[in-house]
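Dear colleague,

I am handing over the structure we spoke about, and you will find it directly below. After it I have set out what was found, beginning with the surface and ending with a single residue.

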Amino acid sequence: MRGQIVKATIKLVKGKEGTDELKKEIQDYVKSHTAPYKYPRIVVFRDELPKTVSGKIQRNKL
């Protein structure tokens, strides 16, 4: 993983907002449950995730 940055793309539940506080909470949760270097440095909130016709997430579009 040398030179790579962990990024989390999160689909928000209807009525929720992606705030800096929520971003920090997610990062802290992941840090406490995995190795410290694996936590997401970048957290992006989206209303919908891009999917193919068969319903798979298109990771290259994230």
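The protein exposes about 5400 Å², of which carbon and sulfur atoms supply 51%. Please bear in mind that this is a predicted model, and that buried residues make up 16% of the 62 residues in the protein.

As for the overall layout, the protein has one helix and two strands, and when read along the sequence these follow the pattern β-α-β. The C-alpha trace spans about 35 × 30 × 15 Å along its principal axes. Among the contacts with a separation of 6 or more, 54% come from residues 24 or more positions apart.

On charge, the protein carries 15 positive and 7 negative charges, and the mean positions of these two sets are 12 Å apart.

The residue I looked at in detail is lysine 11, which lies in strand S1, a strand covering residues 7-11. Lysine 11 counts as partly exposed because its relative accessibility is 42%, a value that falls between the 20% limit for buried residues and the 50% limit for exposed ones. Leaving aside residues up to four places away in sequence, lysine 11 touches Arg46, Asp47, Glu48 and Leu49. With glycine 55, from which lysine 11 is separated by 44 residues in sequence, the C-alpha to C-alpha distance is 15 Å.

With best regards

Definitions and conventions: Residues numbered from 1 in each chain as written. Predicted model: local features only at pLDDT ≥ 70, side-chain atom pairs only at ≥ 80, totals over all residues. Heavy atoms only, no water. Helix = DSSP H or I, 4+ residues; strand = E, 2+ residues; numbered from the N terminus. Buried < 20%, exposed > 50% of the residue type's maximum accessible area, 1.4 Å probe, protein only. Contact = heavy atoms within 4.5 Å. Areas by Shrake-Rupley, 256 points an atom, 1.4 Å probe, with all protein chains shown as cover. Lys, Arg positive; Asp, Glu negative; His and termini not counted. Charge placed at Lys NZ, Arg CZ, Asp CG, Glu CD.
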